[in-house]
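Subject: Handing over the structure, with notes

Dear colleague,

Here is the structure that I promised to pass on to you. Please have it open while you read, since the notes below go through it part by part.

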Amino acid sequence: TAKQKGEYLYKAIGERHDWSRMELLQNVQKSLESVRFDATLEQMVNIPSGTCKVELKNLRGISKMTMRVYRVNAKASDLQSVYVDSDKGYKKIKPMLSARPEMVKEHAYTGKAPYELFEDELTIDALPVGVYLVEFESSPRTKEVERVLYYVSNQRAIAQQYPDKKMDYVVVDATTGHPVKGAQLTFTRNNATLTLTANDKGECE
């Protein structure tokens, strides 16, 4: 385990400080204590009344985690090719962000060994319809801030596939279940785009 490896390295480095290959052990120890975390949203699309659990896993060397949620002033359809976890994607979306975050959550950690891996959870509270950027930052900070897009919508598309591989789509209100007239579904494949519009029954033709 990480604990066993960490304790062994501490003991070995302390007892064998004059060993000719001590640098090797110190490099292994540095790797074992490197600051890290993984953040995963339970769902990427939610309804306005819904909360979202965020799993924080493989945390190490961290004294505090901060989650910030910003509103993105853009349509979801305009962000299909934007990868916010890259420098290029974040640079493109940054001017679209609200000046202040809609939500900030912080969790502090104490009593953790430098090599100890641990887990935690955060919660994104219910938000109005819109597109949001969720940002995760640790202290001490890792090399990169993790970012992901989170969508809040009342509309859901239901797909039905037939034996002849034909697909039918119906758009409904996720809260009431009623069809949404005029809703549009956009499909992109091989640089070609197809947009379907829902009729009175929510069926896309």
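In which loop is P140 found? Before I answer, please keep in mind that this is a predicted model. P140 is found in the loop between β7, which covers 130–139, and β8. A cis peptide bond joins this proline to S139, with an omega of about -5°. I point this out because most peptide bonds are trans.

**The five-stranded sheet**

The two strands on either side of that loop, β7 and β8, both belong to an open sheet of five strands, whose order is β2-β8-β7-β4-β5 and whose pairing is mixed. At its edges are β2 (45–46) and β5 (103–108), each of which pairs on one side only. The edge strand β2 runs parallel to β8, residues 146–152, and two bridges connect them; within this pairing, V45 has Y151 of β8 as its bridge partner.

**The three-stranded sheet**

A second open sheet has three strands in the order β1-β3-β6, and its pairing is antiparallel. Here β1 and β6 are the edge strands, each pairing on one side only, and neighbouring strands of the sheet are turned against each other by 20° on average, if direction is ignored.

On one side, β3 (residues 52–60) is joined by five bridges to β1 (residues 36–41), in the antiparallel sense, and L41 stands opposite V54 of β3. On the other side, six bridges join β3 to β6 (residues 118–124), again with the strands running antiparallel. Two positions may help you to find your way along this second pairing: C52 has I124 in β6 as its bridge partner, and L56 stands opposite D120 in β6.

What is the phi of N58, a residue that is not a glycine? The phi is positive, at about 55°, and N58 lies in strand β3. Most residues other than glycine have a negative phi. With a relative accessible area of 30%, N58 counts as partly exposed, because that value falls between the limits of 20% for buried and 50% for exposed.

**Aromatic rings and charges**

How many aromatic pairs does a search of the whole structure find? The search finds two. One of them is formed by Y169 and F187, whose ring centres are 5.0 Å apart and whose planes meet at 50°, so that the pair is tilted. Since Y169 is part of strand β10 (residues 167–173) and F187 is part of strand β11 (residues 184–189), this pair ties together parts that are 18 residues apart in sequence. F187 itself is partly exposed, with a relative accessibility of 29%.

There are also charged side chains that lie over rings. The charged end of K112 sits over the ring of F118, at 4.7 Å from the ring centre, while R147 lies over the face of Y90, at 3.5 Å from the centre of that ring.

**Cavity and pocket**

Rolling a probe the size of a water molecule over the atoms shows where empty space is left. One cavity of 30 Å³ or more is present in the structure, and the largest cavity has a volume of about 30 Å³. Its lining consists of V84, D85, S86, D87, Y90, E144, V145 and R147, a list that includes both Y90 and R147, the partners in the ring contact described above.

The largest pocket holds about 630 Å³ of space. Its lining is made up of 17 residues, and those that lie nearest its centre are A76, S77, Q155, Q184 and L185. The elements that give two or more residues to this lining are β9 (155–161) and β11, and which of the elements gives the largest share? The largest share, four residues, comes from β11, the strand in which F187 also lies.

**The loop after β10**

Finally, P179 lies in the loop between β10 and β11, and at a relative accessible area of 42% this proline is partly exposed. The C-alpha atoms of P179 and E203 are separated by 8.0 Å, although the two residues are 24 residues apart along the chain.

With best wishes

Note on methods. Residues are numbered from 1 along each chain as its sequence is written. This is a predicted model: local features need pLDDT of at least 70, side-chain atom pairs count only at pLDDT 80 or more; totals for chains, interfaces and linings use all residues. Side-chain values use heavy atoms; hydrogens and water are left out. Two strands pair if DSSP finds at least two bridges between them. Rings of Phe, Tyr and Trp (its six-membered ring) pair if their centres lie within 6.5 Å; planes under 30 degrees apart count as stacked, over 60 as edge-to-face and the rest as tilted. Buried means under 20% relative accessible area, exposed over 50%, partly exposed in between (1.4 Å probe, protein chains only). A charge sits over a ring if NZ of Lys or CZ of Arg is within 6 Å of the ring centre and within 35 degrees of the ring normal. Axes are lines fitted to C-alpha atoms, for helices over the stretch in contact, and angles run from 0 to 180 degrees between N-to-C directions. On a 1 Å grid over the protein atoms alone, a cavity is a set of points where a 1.4 Å probe fits but cannot get out, and a pocket is an open set with protein on both sides within 12 Å along at least five of seven lines; lining residues have an atom within 4 Å of a point. Grid points are joined across faces, edges and corners, and a volume is the space filled by probe spheres set on the points.
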